[in-house]
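These are my notes from a first reading of the structure, kept in the order in which I looked things up.

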Amino acid sequence: MEKVLIANRGEIAVRVIRACREQGLTPVAVYSEADVTALHVRRAEEAYLLGPPAAAESYLAQEKVLAAAERSGADAIHPGYGFLSENAAFAEAVRDTGFTWIGPPPEAIRKMGDKTAARALMKEAGVPMAPGTTDALTDTEEAVRVAEEIGFPVLVKAAAGGGGKGMRIVREAGALEGAVERARSEAESAFGDGRVFVEKYIEAPRHVEFQILADRHGNTTHLFERECSIQRRHQKVIEEAPSSVLPPEKRAEMGRAAVAAAEAVGYENAGTVEFLVDADLDFYFMEMNTRLQVEHPTTEMVTGIDLVAEQLRVAEGEHLGYTAEDLSIDGHAVECRVYAEDPAQQFLPDPGALVRHAPPAGPGVRVDAGAEEGERVPVHYDPMISKLVCWGRSREAAIRRTERALAEYEVAGVETTIPFCRYAMRHEAFRSGQFSTHFVDDHFDPERLFDEDLQQARDAAVAAVLFRAAQEPDALAGGEDGDASQQPQRSRWTERRRRR
Ligand code: MV4
């Protein structure tokens, strides 16, 4: 492998480009008309225009991506996450066209994309699952019989669903038939596949997922877990590694189950096995994600393994060379996703110009950003600006560092999820580790968003002033202090703190 085309954009494209360069590989970017000046285009060695901004015309346009790979002379394609990363047909087309696919075998993508096939495989592999059917329901009488058997509440799930799409909770028999019919028709229109199945609903679960790495010689290992329970409408906002609730023996047991799940599907490359964990720390297979995930940096920070470098290595046919027994968890890492969304308005997307973007830094602070100051957060794609990942020797230290870094993070021009992340970091339910996937519903009160965050408003105001000053330097020079050159050159931030 010498040249890798990254079929993606934003922070993950930058992340893969960096790993390619460190591996001595030539990174090739693709971009849409909305991304002409984007960071990933500027960080690549070569860049190829795909087409108009709409994803369907650009990052999802399989033929255009393959044509760019041909034109560039790339020998491999990395899909990142989202877009075509879990499209089995595309993975097949990549291989059929002679490129190395930096991801799992298409067959593994296909099997794990069908939730009933995944459940049948897990059952065979002895991986714990929530009680329920493995095959799709044939008729509603069967649904009633299964639901009576496993007991309410139950979940009706779409076989072609995932990530929360096509799911309905049913709490009593009377509502079951209607729910099955509605889930079936929703799945039919959303996925062109109306098959549904029934599972026991796990109340107030935690979302704990295990990172998997497998080479092409049958060696499969896990790299411990991440907790991703702080989600909003199935969109993760805060993740951490390790989970705050797993004792070592439970971690080892879940790690074995995750490896068994990956081996059952003949997995290769990086993937994630998602479990639900209940109050008794019993765990149940939920889904397997056949891609690298957004939150992979938390695992990298506590294991010291560069997951993208490993993906590239393994895709080239190298052996893993280690197992989980050779790895250990050092410290704790917390990731905050910085989206251009307004938490005070139900996380309404707020795309626009990044008038100011000055991320934090310092020991144990990593910011994977997909955009820079002066760029626009486009309307066409996921509005994630960056991921702030902080490492600490303990969970408390990682939280403290995250609070410090969030307080330093200067953004102006768009609303962001930073205030929500600061709110979560100071909430007792989060700090104590006593939370579930219902954290946002149970604990988030938008009225309390800026309780201690008037600072936030001030910071934004100062950021705007700083930005303006940077644009018109003399605007401040002759201010009330008279000739600035006679004044001691204090940091404007000190000035603000002093004024406060
Ligand atoms: C569940 C569940 C409770 N019981 N399955 C959400 C999306 C997909 N990952 C599956 N999901 C769930 N499956 C059973 N048997 C609760 C959820 C769920 C959830 C899971 C993880 C993180 C956030 C969630 C939000 C709502 C529902």
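**Around the ligand**

I began at the ligand, where a polar side-chain atom of Glu-287 lies 3.5 Å from a nitrogen atom of the ligand. I kept in mind from the start that this is a predicted model. I then asked which residues come nearest to the ligand. Of the 18 residues around the ligand, the nearest are Lys-157, Gly-164, Glu-199, Lys-200 and Ile-202. For Glu-199 I noted that an N or O atom of the side chain is 2.6 Å from a nitrogen atom of the ligand, whereas for Lys-200 it is a backbone N or O atom that lies 2.8 Å from a ligand nitrogen.

**The five-stranded sheet**

Next I looked up the strand order, and I found an open sheet of five strands that runs β3-β2-β1-β4-β5, with parallel pairing. The edges are held by β3 (46-51) and β5, each of which has a single partner strand, so one side of each is left without a neighbour in the sheet.

I followed strand β1 (residues 3-6) residue by residue, and I saw that Lys-3 and Leu-5 point one way while Val-4 and Ile-6 point the other way, all of them buried. To strand β2 (residues 26-32), with which it runs parallel, β1 is joined by four bridges, and Lys-3 stands opposite Thr-26 of β2. On its way from β1 to β2 the chain passes through helix α1 (residues 10-22), and I recorded this β-α-β crossover as right-handed. With β4, strand β1 pairs in the parallel sense over three bridges, and there I found Ile-6 opposite His-78.

**Tyr-31 in β2**

I stayed with β2 for one residue, Tyr-31, which lies in that strand, and asked whether Tyr-31 counts as buried or exposed. Its relative accessibility is 15%, and because the cut-off for buried is under 20%, Tyr-31 counts as buried. Leaving aside neighbours within four places in sequence, I listed what Tyr-31 is in contact with, including Val-36, His-40, Ala-47, Leu-49 and Tyr-59. I also compared positions along the chain: Tyr-31 and Tyr-81 are 50 residues apart in sequence, and their C-alpha atoms are separated by 15 Å.

**Helix α4**

In helix α4 (residues 88-96) I marked Ala-88, Phe-90, Ala-91 and Val-94 as buried. Why do these buried residues line one face of the helix? Seen down the axis of α4, they fall within an arc of 165°, so they line one face. An α-helix has 3.6 residues a turn, so residues three or four places apart point the same way. I then looked for what covers the buried residues of α4, and the cover includes α3 (62-72), β4 (76-78), β5 (100-101) and α5 (106-113).

I checked both ends of α4 as well. The N-terminal end is capped by Asn-87, whose side chain has an oxygen 3.0 Å from the backbone nitrogen of Ala-89, and just after the helix Gly-98 takes a positive phi of about 95°.

**The loop after α5**

Asp-114 caught my eye in the loop between α5 and α6 (115-125). Its side chain is joined to that of Thr-116 by a polar contact of 2.5 Å. Not counting residues up to four places away in sequence, Asp-114 touches Ala-159 and Arg-195.

**Backbone angles that I wrote down**

Most residues other than glycine have a negative phi, and most peptide bonds are trans, so I looked up the exceptions.

- The peptide bond from Phe-152 to Pro-153 is cis, with omega near -5°, and I located Pro-153 in the loop between α7 (140-150) and β6 (154-162).
- A second cis peptide bond, between Ala-241 and Pro-242, has an omega of about -10°; I found Pro-242 in the loop between β11 (235-241) and α9 (248-264).
- Asn-269, which is not a glycine, has a positive phi near 80°; this residue belongs to strand β12 (residues 269-277), and at 1% relative accessibility Asn-269 counts as buried.
- Leu-281, also not a glycine, has a positive phi of about 65°, and I placed Leu-281 in the loop between β12 and β13 (283-289).

Definitions and conventions:
Residues numbered from 1 in each chain as written. Predicted model: local features only at pLDDT ≥ 70, side-chain atom pairs only at ≥ 80, totals over all residues. Heavy atoms only, no water. Buried < 20%, exposed > 50% of the residue type's maximum accessible area, 1.4 Å probe, protein only. Helix = DSSP H or I, 4+ residues; strand = E, 2+ residues; numbered from the N terminus. Arc of directions from axis to C-beta. Contact = heavy atoms within 4.5 Å. Polar contact = N/O pair within 3.5 Å; in protein donor to acceptor, adjacent residues only side chain to side chain. Pairing = 2+ DSSP bridges. Right-handed = clockwise from strand over helix to strand, strands pointing away. Near = heavy atom within 4 Å.
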